[in-house]
Amino acid sequence: MKTVKLTAGILAAAMLLTGTATFTETTIHTAAAESALPASYDPRGSRMVTPVRDQGDYGTCWAHAMAGSLEQSLLPYDPQVDISEWYLIYSCYLSEYRNGNVSDFFTFLDGGYNYDATLDLLSRRKGLTKESNFPYGVFFGSDDSESDTDPYGESDYLITDVVQFSLFQEDEDYAEQCSRVKEYLYQGGALCYSYTSNDAYVDHTHNSYYLPAEIVDEQSSPHAVTIVGWDDNFPKEYFKEQPSSDGAWLAKSSWSSVFCDNGYYWISYEQENCDVMGFSAVPAQLYDDVHSYDLGTCIGYTLPDDTAHESGAMANLFTAETDTLVTAVTFRTDWDNDAYSVSVYKDLTNPLDPTSGALAATAEGSISSVGQITAELSAPVSVAAGETYAVVVTQTGDPYASHVFVEYDTMATETAPDGSVTTEYYAIPADHAPNCSFLCLDGENWVDTYSMDIKDSFTAMHDDGLEYLHETTEHFGAACITALSVSKANVQFSKLSDTLCIGDTIELTNPDGRQVYYAVNGGAYKPYTKPITFTEDMKISAYCEEGTVYEQSYTVREAEMYDIKLQLAFENGDYLLYGTDFVEVGEREYEAEIEAFNLEQLMRADLKLFSNATLTCNGQPITNGETQRISCNGETTLELVASGEGMNASTYRIHIVPFDLSLVHGDVDMDGQYTALDAAAVLTYAAAVGTGNPPALPDENWLCRADFNYNGVADAGDAATILMYAAENGAY
């Protein structure tokens with residue numbers, strides 16, 4: 001069954017506060033192509049955002065915001081990308097569970113999470129898979145609740161780059177940060193944005209939000225969304241609490257398309273925020289292996305040294321398990337505006353000096369933002385199985401900045417005058433071995449981080465009037481460097497989406513320049529000489545000489561509708577928002593039913609649709625992302641057709657049917673009115689039940705209608721309530 005959500009009829013009174021269209025290469029913007037950034041940017045109508053998701057009753061907004069940012073970066077690879085938020089959450093839970101920090105998955109679901117802790121997991125090719133593999137809300141384990149076993153393993157996607165922005169108005173560079181954020185969005189990115197949320201300050205008329213810091217109260221709680229656009233001229237008058245100036249960010253919620261404008265709303269530039277981070281990923285197929293070390297919970301340590309250092313270097317030594325080509329290096333940074341250089345060394349002559357070997361490849365650039373960078377090497381580095389090589393990252397810039405990013409843990413002891421000792425760890429101790437990671441802070445000497453314990457001690461007077469000795473020890477672990485490699489026999493597919501349009505071409509390449517052989521749909525293998533044209537559903541198998549066989553399956557892309565907002569207008573002035581699900585009834589045919597009172601007075605339908613294709617409704621063209629009016633003229637079926645070049649067309653039918661009066665509470669006789677007759681029927685029934693002789697019911701829904709106060713029984717209380725309602729409101 002395929003489900004496409006229509007917007008629900010009644011907006012939720014309270015949302016859980018813890019926590020559409022697709023990409024086309026011809027429409028993505030680049031800042032270089034523009035003389036200046038526009039005053040507003042909204043990618044929804046240009047098919048450059050993934051659909052709005054629904055976090056349901058769990059505090060998982062952080063995972064939805066993060067997945068939204070990652071999906072945006074993956075659109076060039078897969079126009080229909082859908083990351084499993086549930087698997088991301090579960091993978092993070094397993095990490096915390098195994099470290100002894102949490103025992104219950106249900107508690108973890110509502111506890112929020114730390115982006116920094118998540119990053120290490122994702123950088124090791126964990127935690128990211130497709131929604132179809134692990135749908136949201138499906139529990140793992142034999143007891144349907146939790147399990148300490150990873151149900152999937154390696155990711156379908158690998159996180160590469162992370163940027164972090166500071167959007168605090170009191171900062172001197174606030175205007176510059178805003179420009180950088182806009183440029184990031186305009187280049188096709190999306191950002192995780194964390195702030196304090198309070199549903200009372202949502203303006204549903206203008207789909208806007210602003211909560212001044214001075215009125216945050218116990219009804220407020222943290223929330224995270226995905227920022228996808230902006231509008232410098234969004235009127236300040238459109239907020240419930242008016243900020244001092246115009247302007248707002250366009251946010252994609254995880255409260256389903258029922259919320260505000262198909263799940264989108266505007267957040268004032270003046271809204272106080274916490275994390276503003278952008279995440280980028282690539283399909284994991286681009287790399288066969290990730291060389292890294294597991295990291296503890298504290299990373300990014302700034303060494304306590306009063307001496308100015310304009311540069312610093314960190315290095316990791318890795319040993320390859322198979323013959324491979326190292327093609328890229330990922331590293332973390334705690335400072336922006338630094339210049340960086342990456343060097344890979346082979347054939348080390350001194351195991352304590354990572355630069356003692358032969359320089360094999362380099363990369364260099366500048367760091368625009370705190371976060372993570374993936375640098376492509378100047379040339380692939382061939383490494384044999386069992387061979388150890390070194391990756392060195394050097395950063396240069398502010399002499400008082402931290403130019404290294406390294407794992408560490410802290411142990412603190414307090415010794416009382418009687419000799420008793422209390423020990424406390426401020427982080428999970430780094431699980432690290434000697435001769436793996438090194439730091440160079442003076443430009444000459446390398447130090448093994450394993451032996452870099454930094455100790456400090458002091459005495460302090462306690463409330464008991466006695467002096468206690470306090471001692472701390474900082475123990476260091478791995479440098480935050482990862483190497484990405486690809487097998488020499490790897491076959492790269494230029495198209496990594498599961499679906500393609502008829503006429504698309506697929507290129508096959510080998511990173512080592514070897515001849516590629518391929519077969520289509522189980523046919524005979526032949527040498528690859530030119531791009532393969534996609535003409536039908538196909539499975540391509542390919543290998544290099546005697547290497548591993550790599551496979552990729554493709555199906556013809558479906559022209560489909562991702563989201564819909566439907567409102568019906570009636571002659572009596574009613575203007576109602578409706579919602580339901582589409583159900584697949586045939587090949588690429590989907591139907592839904594919605595119920596309406598006074599169906600004979602139906603005048604028109606107002607539709608706002610998002611699709612990856614061209615849309616029509618009852619033959620009338622629909623502009624993607626814009627509300628359009630469809631005159632009904634007695635028609636009670638809306639037929640939506642999505643079609644596009646090289647895609648299979650799809651049809652969606654919405655049948656508007658009379659409301660089922662047998663389920664209307666209070667209208668016992670189903671005459672469309674609340675009257676004394678309804679109350680009398682309930683009293684008669686209640687009296688018979690009281691004598692022990694309950695009467696036969698006219699139909700199976702009679703008790704539902706009679707139970708007007710929803711307390712589970714039909715009695716005098718319901719009759720009284722019906723009479724009061726009839727007196728106050730009359731017939732309807």
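This passage walks through a predicted model, going from the whole chain to one helix pair, one strand residue and the cysteines.

Taken as a whole, the protein has 732 residues, and 50% of them are buried. The outside comes to about 32,300 Å² of exposed area, with carbon and sulfur atoms supplying 48% of that figure. As for secondary structure, the tally is eight helices and 42 strands.

Helix H4 is a handy place to zoom in. It covers residues 115–123, and it is mostly covered itself, with seven of the nine residues buried. Those seven are Tyr115, Thr118, Leu119, Asp120, Leu121, Leu122 and Ser123, so the buried set has Asp120 in it as well as Leu119, Leu121 and Leu122, given that buried means under 20% relative accessible area. After H4 comes arginine 125, and its phi is positive, near 65°.

H4 has a packing partner in helix H1, which spans residues 61–74. Packed helix pairs are described by two values, the angle between the axes and the distance between them. For H1 and H4 the angle is about 50° and the axes sit 12 Å apart. That angle makes H1 oblique to H4, because an angle has to be under 35 degrees to count as roughly parallel and 65 to 115 to count as roughly perpendicular. The crossing of H1 past H4 is right-handed. On the H1 side, the residues that meet H4 are Trp62, Ala65, Met66 and Leu70; on the H4 side, they are Tyr115, Thr118 and Leu122. Tyr115, Thr118 and Leu122 also turn up among the buried residues of H4.

Over in the strands, alanine 460 belongs to S21, which runs through residues 454–461. Alanine 460 has a relative accessibility of 23%, so it counts as partly exposed; the cut-off for buried is under 20%. Setting aside neighbours within four places in sequence, alanine 460 touches Leu466, Glu467, Tyr468 and His470. Of these contacts, histidine 470 is ten residues along the sequence from alanine 460, and the C-alpha to C-alpha distance between the two is 7.5 Å.

Finally, the cysteines. The disulfide count is zero, where a disulfide would need a pair of cysteine sulfur atoms within 2.5 Å. Cysteine 61 has a relative accessible area of 3% and is therefore buried. Cysteine 704, at 27% relative accessibility, counts as partly exposed.

Key. Residues numbered from 1 in each chain as written. Predicted model: local features only at pLDDT ≥ 70, side-chain atom pairs only at ≥ 80, totals over all residues. Heavy atoms only, no water. Buried < 20%, exposed > 50% of the residue type's maximum accessible area, 1.4 Å probe, protein only. Helix = DSSP H or I, 4+ residues; strand = E, 2+ residues; numbered from the N terminus. Areas by Shrake-Rupley, 256 points an atom, 1.4 Å probe, with all protein chains shown as cover. Contact = heavy atoms within 4.5 Å. Axes fitted to C-alpha atoms, helices over the stretch in contact; angles between N-to-C directions. Parallel < 35°, antiparallel > 145°, perpendicular 65-115°, else oblique. Left-handed = near helix turned anticlockwise from the far one by under 90°.
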